[in-house]
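Student: I have a protein chain open on my screen and would like to talk it through. Could you help me read it, one part at a time?

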Amino acid sequence: MGPKRVRITPGLREALEWLTLSRSVLGARVRSELAGNPFLGEEWPLPFPASAPVDTDLILVNWGRRPTVRLNREGVPMLRFSSHGGHGGDPASARRLQRRARWVLVVLKRRAEILERVGQAAVEAQLGYLDGQAEWPIPLAAAAVAKQIGVHPSTVSRVIRQKRLLAPRGVVDLQSLFGRSKAEARQAVRDLLASEAAHGRLTD
C-alpha cells in the first residue's frame, strides 16, 4: 500500500506558507489580519511594531541548565477571538470573518508549536556547536528531526527556512544546523588541497 496522498486545499497551502514566514514578515501579515477583521483582538497592548535589536525568531534560554527554545514574541501581538465584532449587519460577511479569525488563531498556534519543537530538536542535537566546543554542526537531516517530533520532513524544511536563533555563540540561521554547512564543505576542500602537496596529486 503506497503512501497516503494529501489533497492540498487553498487553506492547507496557506497554512504551509505561514510556516515559512520570518518574524518580521509574520508581524506584517498579522497586522494586516488584525486591521481587517473585527473578530481579532489583541490580548494586551504591545509596542507594535516593536524595535527588536536582532530580528530573531527563536531564543535559547536556560543555557546553563536545560537549554530550551522559546519563540521570540516581541513585535507580534498576542491575539484572541472577539465575539463582539460586527460587519455592518451582514450575517454572511460576519460568519466569513469569524471563520477567518479562528483560522488565523489556529495557524499562529500551530506555527509556534512546530517552530519551537523543530528548534528544540535541532538545539539538542547541536549543543556542542552552539556552546562553542565544536567548530561545525554535526550532520543533521530534516527527516530525522521530522520523525522525532512527528511531522512530515517537508514541514521541517519549510519551518527552518529564513528562521534565526539567538544562542550563546550569537545569531544562528536555523537552516545552518541541518545538513553540512557550506563553510564546512569549503574547509574540507581546503584540507584536501593542503594534503595534496604532502601525499602527491590526488585523483578524482
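Tutor: Gladly, and let us begin with P67, bearing in mind that this is a predicted model. Not counting residues up to four places away in sequence, P67 touches L60, V61, N62, Q120, V123 and L127.

Student: Where does P67 lie, and is it buried or exposed?

Tutor: P67 lies in the loop between β2 and β3, and with a relative accessible area of 15% it counts as buried, because the cut-off for that is under 20%.

Student: How far apart are P67 and A167 in space?

Tutor: From C-alpha to C-alpha they are 9.8 Å apart, although 100 residues separate P67 and A167 in sequence. Across the protein chain, if you take the contacts between residues at least 6 apart in sequence, 70% of them join residues at least 24 apart.

Student: OK, stepping back, how many helices and strands does the chain have?

Tutor: There are 7 helices and 6 strands in the protein chain, and along the sequence they follow the pattern α-α-β-β-β-β-α-α-α-α-β-β-α.

Student: And what share of the residues is buried?

Tutor: Of the 204 residues in the protein chain, 36% are buried. The accessible surface comes to about 12,500 Å², and 55% of that surface belongs to carbon and sulfur atoms.

Student: Which residues touch the most other members in the largest nonpolar core?

Tutor: That core has 30 residues, and those touching the most other members are V118, L130, V145, V156, L165, L177 and F178. Several elements each supply at least two residues of this core, including α1 (10–19), β2 (58–61), α5 (142–149) and β5 (164–167), while α3 gives the most, with 7 residues. As a general point, nonpolar side chains tend to be buried together in soluble globular proteins.

Student: What is L130 in contact with?

Tutor: Leaving aside neighbours within four places in sequence, L130 is in contact with L60, W63, V123, L165, A167, P168, R169, V172 and L177. There is also a second, separate core of 16 residues, which includes V30, V76, A94 and V107.

Student: V30 is in there, so which residues of α2 are buried?

Tutor: The buried residues of α2 are R23, L26, G27, V30, E33 and L34. Seen down the axis of α2, these buried residues fall within an arc of 130 degrees, so they line one face of the helix. On the other side of α2, S32, A35 and G36 are exposed.

Student: Why would residues a few places apart point the same way?

Tutor: An α-helix has 3.6 residues a turn, so residues three or four places apart point the same way. As for its length, α2 covers residues 23–36 and reaches 20 Å from its first C-alpha to its last, close to the 20 Å expected for its 14 residues at 1.5 Å a residue.

Student: Switching to strands, which side chains of β5 are buried?

Tutor: The side chains alternate along β5, with L165 and A167 pointing to one face and buried, whereas R164 and L166 point to the other face and are not buried.

Student: In what sense do β2 and β5 pair, and how does β6 fit in?

Tutor: β2 and β5 pair in the parallel sense over 2 bridges, and L58 stands opposite L165 in β5. β5 and β6 (residues 170–173) run antiparallel and are joined by 4 bridges, with R164 opposite D173 in β6. These two strands, β5 and β6, form a hairpin with 2 residues between them.

Student: What about the loop between α6 and β5, what is Q162 doing there?

Tutor: Q162 is found in that loop between α6 and β5, and its phi is positive, at about 65 degrees, although Q162 is not a glycine. With a relative accessible area of 52%, Q162 is exposed.

Student: Last one, is T155 in α6 buried or exposed?

Tutor: T155, which lies in helix α6, counts as buried at 11% relative accessibility. Not counting residues up to four places away in sequence, T155 touches L19 and I114.

Terms used:
Residues are numbered from 1 along each chain as its sequence is written. This is a predicted model: local features need pLDDT of at least 70, side-chain atom pairs count only at pLDDT 80 or more; totals for chains, interfaces and linings use all residues. Side-chain values use heavy atoms; hydrogens and water are left out. The expected span of a helix is 1.5 Å times one less than its number of residues. Buried means under 20% relative accessible area, exposed over 50%, partly exposed in between (1.4 Å probe, protein chains only). The arc is that of the directions from the helix axis to the C-beta atoms. Contact means heavy atoms within 4.5 Å. Accessible areas come from the Shrake-Rupley method with a 1.4 Å probe; for residues, only the protein chains shown count as cover. A nonpolar core is a set of buried Ala, Val, Leu, Ile, Met, Phe, Trp, Tyr and Cys residues joined through side-chain atoms within 4.5 Å. Two strands pair if DSSP finds at least two bridges between them.
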